[in-house]
Amino acid sequence: MKLLIARPMTEAVETRARAEFDAVVREITTPMTQEEMVQALTEFDVVVPTLGDQFSAQILAQVPQPRCKLLANFGVGYNHIDVAAARAASIAVTNTPGAVTDATADIAMTLLLTTARRAGEGERLVRSGLWEGWHPTQMLGHHVTGKKVGIVGMGRIGQAIARRCHFGFGMSVAYQSRSPKQLDFPAEYIPDLSVMASAADFVVIAVPGGAETRHLINAEVMEAMKPTGILVNIARGEVVDEVALISALQAGQIAGAGLDVYEFEPTVPHALREMENVTLLPHLGTATEEVRTDMGHMALDNVAAFVAGRPLPNPV
């Protein structure tokens, strides 16, 4: 059984892959090209793709009878895979939910706090050598404790963020999702996204990517936010209309943004890069040794189940 892993993994994951399977680990970190994806579907039984590896209907159509029968995605998000087209080609798709929850929620809080308290701007000031010392009105930011957070999407990650906000910072929680959730903490369900955005001091996006959520956060939603409001995105870049976000920031419609993902990643608009009230991270959501190893093992657990003919642990 030939296995292709699309990007270098942690040592533990690569060691296991080579021990259990006839594994090839692609040695470069950029997304697979169209030619590579077609070749992978033709020459390998299983592929472990990840973010940026666009297994679209167009790519799948180029291989009418693929050797590959499983795309064991490394990551919880799988909007880069056309699942319907894969199923039509008799290719199963799995992902790695659960392993990413806490690390991604931690990054959401990092972005929220960094943007609210102007920590990135402050660090740049210190590094520049231009800091002249403390004074009572230096770099006044936004208080976080006791404020209201509005969370867009209340799945695993949204709930983990909400718990941190409620239990850690005494924040009141509102959320918008397709339906109310049974939660173990107090939270107000507001089905209208703009209404929720208008009530919140911080709006945190935690929905899956894909056609249904593309530009979910648009000009209308940002116009509804408070002028002191801060937008945080740890979901997928295309969930936010990036042009509308830049306009809202430039016009002072919102106070700031904390972003770990971008609409045309890895391209980040110059307009965002030059704004001091925007925190920019290079997609660090799951970037810890432990979490990336757990994700890799979860992907390989799906591969192992496939090889053994057992039910797949994490089908999508």
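Trp-134 is exposed in this predicted model, with a relative accessible area of 68%. Trp-134 sits in the loop between helix 6 (119-128) and strand 6 (148-152). Together with Val-126 and Trp-131, Trp-134 makes a nonpolar surface patch of about 410 Å². From here, let's walk through the surface patches, one helix, the salt bridges and a few backbone details.

**A charged patch on the surface**

- A negative surface patch is also found, and Glu-11, Glu-289, Glu-290 and Asp-294 form this patch.
- Which helix gives the most to the negative patch? Helix 12 (residues 289-308) does, with 3 residues.
- Glu-11 of this patch belongs to helix 1 (residues 11-20).
- Glu-11 counts as exposed because its relative accessible area is 66%, and the cut-off for exposed is over 50%.

**Helix 1 and its two sides**

- Which residues of helix 1 are buried? They are Val-13, Glu-14, Arg-16 and Ala-17.
- Looking down the axis of helix 1, you find these buried residues within an arc of 165°, so they line one face of the helix.
- Glu-11 and Ala-19 are exposed on the other side of helix 1.
- Inside helix 1, the side chains of Arg-18 and Glu-14 meet in a salt bridge, with 3.1 Å from N to O.
- Arg-18 and Glu-14 are 4 residues apart in helix 1, which is about one turn of the helix.
- Is Glu-14 buried or exposed? Glu-14 is buried, with a relative accessible area of 16%, while its partner Arg-18 is partly exposed at 48%.

**Salt bridges across the chain**

- As a general idea, side chains of opposite charge can pair when their charged atoms come close.
- How many salt bridges does the model have? The count comes to 15 salt bridges.
- One of them is formed by the side chains of Arg-7 and Asp-53, at 3.1 Å from N to O.
- This pair links distant parts of the chain, 46 residues apart: Arg-7 is in the loop between strand 1 (2-5) and helix 1, and Asp-53 is in the loop between strand 3 and helix 3.
- Arg-7 counts as buried because its relative accessibility is 12%, and the cut-off for buried is under 20%.
- Asp-53 also counts as buried, at 0% relative accessibility.
- Another salt bridge joins Arg-164 and Asp-106, whose closest N and O atoms are 2.8 Å apart.
- Arg-164 lies in helix 7 (residues 156-169) and Asp-106 in helix 5 (residues 101-116), so this pair ties together parts that are 58 residues apart in sequence.
- Arg-164 is partly exposed, with a relative accessible area of 23%, and Asp-106 is partly exposed, with 40%.
- Salt bridges that share partners also join Arg-16, Glu-20 and Asp-301 into one network.

**Backbone details to look for**

- For background, most residues other than glycine have a negative phi, and most peptide bonds are trans.
- Which two residues does a cis peptide bond join? The bond joins Glu-265 and Pro-266, and omega is about 10°.
- You can find Pro-266 in the loop between strand 11 (256-259) and helix 11 (270-273).
- Met-139 is not a glycine, yet Met-139 has a positive phi of about 45°.
- The loop between helix 6 and strand 6 holds Met-139, and Trp-134 has its place in the loop between helix 6 and strand 6 too.
- Met-139 counts as partly exposed, at 22% relative accessibility.
- His-215 also has a positive phi, of about 55°, although His-215 is not a glycine.
- Where is His-215? Look in the loop between strand 9 (202-205) and helix 9 (219-224).

**A distance across the model**

- Gln-54 lies in the loop between strand 3 (46-48) and helix 3 (57-61).
- At 41% relative accessibility, Gln-54 counts as partly exposed.
- How far apart are Gln-54 and Pro-227 in sequence and in space? They are 173 residues apart in sequence and 37 Å apart in space, taken from C-alpha to C-alpha.

Technical notes:
Residues are numbered from 1 along each chain as its sequence is written. This is a predicted model: local features need pLDDT of at least 70, side-chain atom pairs count only at pLDDT 80 or more; totals for chains, interfaces and linings use all residues. Side-chain values use heavy atoms; hydrogens and water are left out. Patches are made of residues with over 30% relative accessible area and no salt bridge: like charges are joined within 9 Å, nonpolar side chains (Val, Leu, Ile, Met, Phe, Trp, Tyr) within 5 Å. Accessible areas come from the Shrake-Rupley method with a 1.4 Å probe; for residues, only the protein chains shown count as cover. A salt bridge is a side-chain nitrogen of Lys or Arg within 4 Å of a carboxyl oxygen of Asp or Glu. Lys and Arg count as positive and Asp and Glu as negative; His and the chain ends are not counted. The place of a charge is taken as NZ of Lys, CZ of Arg, CG of Asp or CD of Glu. Helices (H or I, at least four residues) and strands (E, at least two) are DSSP runs, numbered from the N terminus. Buried means under 20% relative accessible area, exposed over 50%, partly exposed in between (1.4 Å probe, protein chains only). The arc is that of the directions from the helix axis to the C-beta atoms.
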